[in-house]
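Thanks for asking me to look this one over. My notes follow as numbered points, with the structure placed ahead of them for easy reference.

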Amino acid sequence: MDDDLNQLQHVLRDRAAEVPHVQDVPPTMLMRARRRVARNAVASVLGAVLIVAGASAGLANLHGSGGTLPESPGPVAPPSTGCAASDLQGTVSLEGAMGSVEGSIDLTNVGGATCTLTGRPAVSIWNSQGQAVAVQVAASEPQWKANAAPQPQGWPVVSLQPGSAASVRVRWSNACPQLSGPVSWKINLGNGAGTLGASSADASFVPPCNGPTEPSTLEVGPFEPSAGA
């Protein structure tokens with residue numbers, strides 16, 4: 001074992017002696033090596049500068065032009081939903097006009113949130129015995145159009161904040177056969193939103209029966225902002 005190690009050491013020393021010393025390297029080769037090292041060093045420095053610049057630009061974009069992270073958006077108000085009958089309180093306002101009664105049904109939002117109404121409700125009239133009065137229902141134009149007023153903002157959707165009211169124009173003519181007692185009004189909002197009653201002293205107004213052979217008619221307009229809103 002020791003002989004093998006001694007022999008290996010002799011071989012290594014002989015190989016080392018054969019390697020030329022540094023001073024034996026030609027000057028031109030040394031100059032080329034130095035230039036190559038210098039070029040590699042410059043390339044490494046430029047690469048490092050580009051990496052740092054790119055990282056800085058990325059951070060600037062992340063933080064925004066003001067130097068701070070973009071703020072998360074604040075809470076968004078939930079969209080308003082359709083009014084339900086339980087959200088509203090109905091009031092009838094009527095007056096006599098040329099053998100008929102006409103006016104409006106006002107629906108006030110008594111709930112705690114904004115809701116909307118759109119379209120035309122189904123309006124019915126009921127006698128003092130709790131029976132529906134037979135009427136032919138016809139669509140009429142909204143009051144703002146009849147008055148040649150500007151179209152309300154957002155119409156035909158009427159947005160009701162708590163405490164504000166929408167209006168439905170009505171005109172009832174030729175109550176035949178003539179009714180002997182007061183009547184009540186009901187408004188079906190449609191779309192499964194429910195039915196509510198509308199009351200007031202005016203609600204009992206009944207037009208005369210001017211044409212016994214003619215049908216009783218009820219004209220109903222669409223939802224629109226109340227004139228008093």
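1. A cut-off to begin with: a residue counts as buried under 20% relative accessible area, as exposed over 50%, and as partly exposed in between. Ala146 has 34% relative accessibility, so this residue counts as partly exposed. Ala146 belongs to helix 3, and, leaving aside residues up to four places away in sequence, it touches Glu141 and Arg169. Please keep in mind that this is a predicted model.

2. Now the overall layout. The chain holds three helices and 11 strands. Read from the N terminus, the order of elements is α-α-β-β-β-β-β-β-α-β-β-β-β-β. Among contacts between residues at least 6 apart in sequence, 77% link residues at least 24 apart.

3. On burial and surface: the chain has 229 residues, and 24% of them count as buried. The exposed area comes to about 15000 Å², with carbon and sulfur atoms supplying 58% of it.

4. Which residues have the most contacts inside the largest nonpolar core? They are Leu88, Ile105, Leu107, Leu117, Trp172, Trp185 and Leu189, in a core of 32 residues. Strand 8 gives the largest share of this core, with four residues. As background, nonpolar side chains in soluble globular proteins tend to be buried together.

5. Ile105 is a good residue to click on if you want to see the surroundings of one core member. Not counting residues up to four places away in sequence, Ile105 touches Thr91, Val92, Val123, Ala166, Ser167, Val168, Val170, Trp185, Ile187 and Ala198. One of these partners, Trp185, is also listed among the core residues with the most contacts.

6. Next, the largest pocket, whose volume is about 360 Å³. It is lined by 19 residues, and those closest to its centre are Gln143, Trp144, Asn147, Ser167 and Glu224. Ser167 also appears among the contacts of Ile105.

7. Which elements each supply at least two residues of the lining of the largest pocket? They are strand 3 (100-109), helix 3 (143-146), strand 8 (165-173) and strand 11 (217-225). By residue class, the lining divides into five nonpolar, seven polar and seven charged. Strand 8 thus turns up in the pocket lining as well as in the nonpolar core.

8. Two peptide bonds deserve a look when you go through the backbone. The bond from Trp155 to Pro156 is cis, with omega near 20°, and Pro156 sits in the loop between helix 3 and strand 7 (158-160). Cys176 and Pro177 are also joined by a cis peptide bond, with omega about -5°. Pro177 is in the loop between strand 8 and strand 9 (184-188).

9. Those two loops also hold residues with positive phi. Ala148, in the loop between helix 3 and strand 7, has a phi of about 55° although it is not a glycine. Asn174, in the loop between strand 8 and strand 9, has a positive phi near 55° and is likewise a residue other than glycine.

10. Are these positive-phi residues buried or exposed? Ala148 has a relative accessible area of 72%, so it is exposed. Asn174, at 10%, is buried. The cut-offs from the opening point apply here too: under 20% for buried and over 50% for exposed.

Technical notes: Residues numbered from 1 in each chain as written. Predicted model: local features only at pLDDT ≥ 70, side-chain atom pairs only at ≥ 80, totals over all residues. Heavy atoms only, no water. 1 Å grid on protein atoms, 1.4 Å probe; cavity = no way out; pocket = protein on both sides within 12 Å on 5 of 7 lines; lining within 4 Å. Points joined across faces, edges and corners; volume = space filled by probe spheres on them. Nonpolar A, V, L, I, M, F, W, Y, C, P; charged D, E, K, R; others polar. Buried < 20%, exposed > 50% of the residue type's maximum accessible area, 1.4 Å probe, protein only. Contact = heavy atoms within 4.5 Å. Areas by Shrake-Rupley, 256 points an atom, 1.4 Å probe, with all protein chains shown as cover. Core = buried A, V, L, I, M, F, W, Y, C linked by side-chain atoms within 4.5 Å.
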